[in-house]
Structure formats: structure tokens, C-alpha cells
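Reader: I want to learn how to read pockets in a model. Where do we start?

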Amino acid sequence: MNRLIKANNKVEVDPDASEKLQVCKDDFLHALEHDIKPAFGASAEALEHFLARGIIIWGPSVSGILEDGTLLTQQARVADTFGLVSVLIEGPPNSGKTALAAKLAKDSDFPFVKVCSPEDMVGFTETAKCLQIRKIFDDAYRSQLSCILVDNIERLLDYGSIGPRYSNLTLQALLVLLKKQPPKGKKLLVLCTSSRKQVLEEMEMLSAFTAVLHVPNLSQPEELITVLEQFDLFTKQDIHKIYNQISGHNVFIGIKKLLALIDMARQTDPKVRVIKFLTKMEEEGCLDLGTMIH
């Protein structure tokens, strides 16, 4: 249609457009590339968003999680196993759980990958939320190999620590769907993330998962230095100075939080960058320079 629009002082359609109007193969390809998003298939944009900072292997625990996750993915793919494999990836806030889950979902290479996130259900009633979750699972059952990433499961349940309160309707829906075997010949991998393992245990959800993978925070000076060496922010002298300052002291910081502090330090004058970085870590409760580890 755009080919038949005259670009004069005012926009007008060629009066002979009805005779010239033809839809070509190029029009379909353009629409598929720019206008139409497939209802099924992989949620590529969502996964790329979660993996925007990549995966940093800062210690053996991260490698172990990826290895165990790969084994569980292979278990979900094998023909002579049960059709359902559900995995809970839990750990402290800002420890990189969602990024690891997205990495496993992307590397699974399943034709159907969908993300079920509370961000997409803001303002939903309990019933509407349950229907949306059910639709995602029903769509997954149509593909031979499917993967669903349920992010921040306690937020999906409307959990609040003051009270506490949660949506029992959503909880019961998730419990049913996490235990429901897909149709014969179909394989489903469900990856869930949570910062509240204890809460899920009290809700009797842990028994619904095939496996639980724990994502720890960085707790050793060497692990923090490994991350800093991935960036061109600090000089070798700066990194050596940071290591001397934190060596022997308590360190406890999530990788996501550490990356945010690195971004902040990038905006700081290089002359005071090390001092500012260490000060912010201490202010955030991620570093205790007053306590020595014996």
C-alpha cells in the first residue's frame, strides 16, 4: 500500500491504486519480519533481555548449576523418560537466578520457549492471572518439546512478607500445572526462579519440583576479583589494591548487585574509583571491613 501513496504536500493515495494494488511475496516477508510476532515459538526478546549482561562464571557453583541444568534439560528431551521435568532455581535476591534460567532455556534449543513473568500480569485479577498461566501451559502442550520459564514465582503468587499474604487461587493453579504430565509424546521443561525457598516450602511447593538448584552470592574475595577482571574498568594496580583491602574480610554480594556497583564506579573519577567502589560495597552491607575472617 505504501508504494501507491503519493508524497506531495499532502499525503494522498494514487486514484488508480485499486488497479495497481498487488500483494507480493516481499510484502509477506516484510510483515513477518517487522509486524507480526508469532504466537508460538521461542520468546527470543524476553530471553535476550534477561541475558543482556551475559553469564559470568565467577566460581565453581555457577559452572555446577549450568552443568546440572543441562543434564535436566537432556532428561526432559529423552524419549523414554516422564514427559515433565520441573526445576526450581532459588537463591538470594540479585544473585542472577533469572539470567541462569534464561541461559538454560535458550541453550535447550526447544522449539517452544515461553516466559511467564509477573511483570506481564500487573493489574490482573486472580482469575485472569490463573487463566493466563493456564494458557501458557496449554500452548506448551501443543509442541513436542516445550520450555516454560516461570520467573519470580513468589511475586506471581502476590506474596507479601507483611501479613503474610498470598493468592491461594494462583498457588493451587501452579501446583496442579507443575505436577500435570503433558499429553503422550510431549515433553515439557519448567524452570522456576525464587528468592523465597522457605516460603515455597511452607506452601508445600518444593515437592512439585524434580530438582532444586541453589544460586549463592559471591562470598570469597577471589570470586569478586574474577568478576572485576572481566571488565576494563579497573587497572591491574586497582584490582590488586581492592584485593588487599577485602582479603580476610566478609564478602556477601549478588552478581546482579555487583554489576550495578561496577556501572556506578564507571561514572566515578578514576583517581577515587577504588575508594568509592569499596565504600559503596560497605554501605550496601556487601563488605564488612571491620570483621576479619580467621
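**Two pockets**

Author: Start with the second largest pocket of this predicted model. Its volume is about 350 Å³.

Reader: Which residues lie nearest the centre of the second largest pocket?

Author: Read the lining by position. Lys114, Val115, Asp120, Gln132 and Ile136 lie nearest the centre, out of 16 lining residues.

Reader: Which element gives the most to the lining of the second largest pocket?

Author: Map the lining onto helices and strands. α6 gives the most, with four residues. At least two residues each come from α3, β4 (112-116) and α6 (126-140).

Reader: How do the lining residues of the second largest pocket split by class?

Author: Sort them into three classes. Seven are nonpolar, four polar and five charged.

Reader: Now the largest pocket. What is its volume?

Author: About 770 Å³. The lining of the largest pocket has 33 residues. Gly96, Lys97, Thr98, Ala99 and Lys256 lie nearest the centre.

Reader: Which elements give two or more residues to the lining of the largest pocket?

Author: α3 (44-50), α5 (97-108), α7 (153-156), β6 (187-194) and α12 (255-266) do. The largest share, four residues, is from α5.

Reader: Which domains each supply at least three residues to the lining of the largest pocket?

Author: Check the lining against the domain bounds. Domain 1 (44-214) and domain 2 (221-288) each give at least three residues.

Reader: And how many residues of each class line the largest pocket?

Author: The lining of the largest pocket has 14 nonpolar, 11 polar and eight charged residues.

Definitions and conventions. Residues are numbered from 1 along each chain as its sequence is written. This is a predicted model: local features need pLDDT of at least 70, side-chain atom pairs count only at pLDDT 80 or more; totals for chains, interfaces and linings use all residues. Side-chain values use heavy atoms; hydrogens and water are left out. On a 1 Å grid over the protein atoms alone, a cavity is a set of points where a 1.4 Å probe fits but cannot get out, and a pocket is an open set with protein on both sides within 12 Å along at least five of seven lines; lining residues have an atom within 4 Å of a point. Grid points are joined across faces, edges and corners, and a volume is the space filled by probe spheres set on the points. Ala, Val, Leu, Ile, Met, Phe, Trp, Tyr, Cys and Pro count as nonpolar, Asp, Glu, Lys and Arg as charged, and the others, Gly among them, as polar. Domain bounds come from an automatic or database domain assignment.
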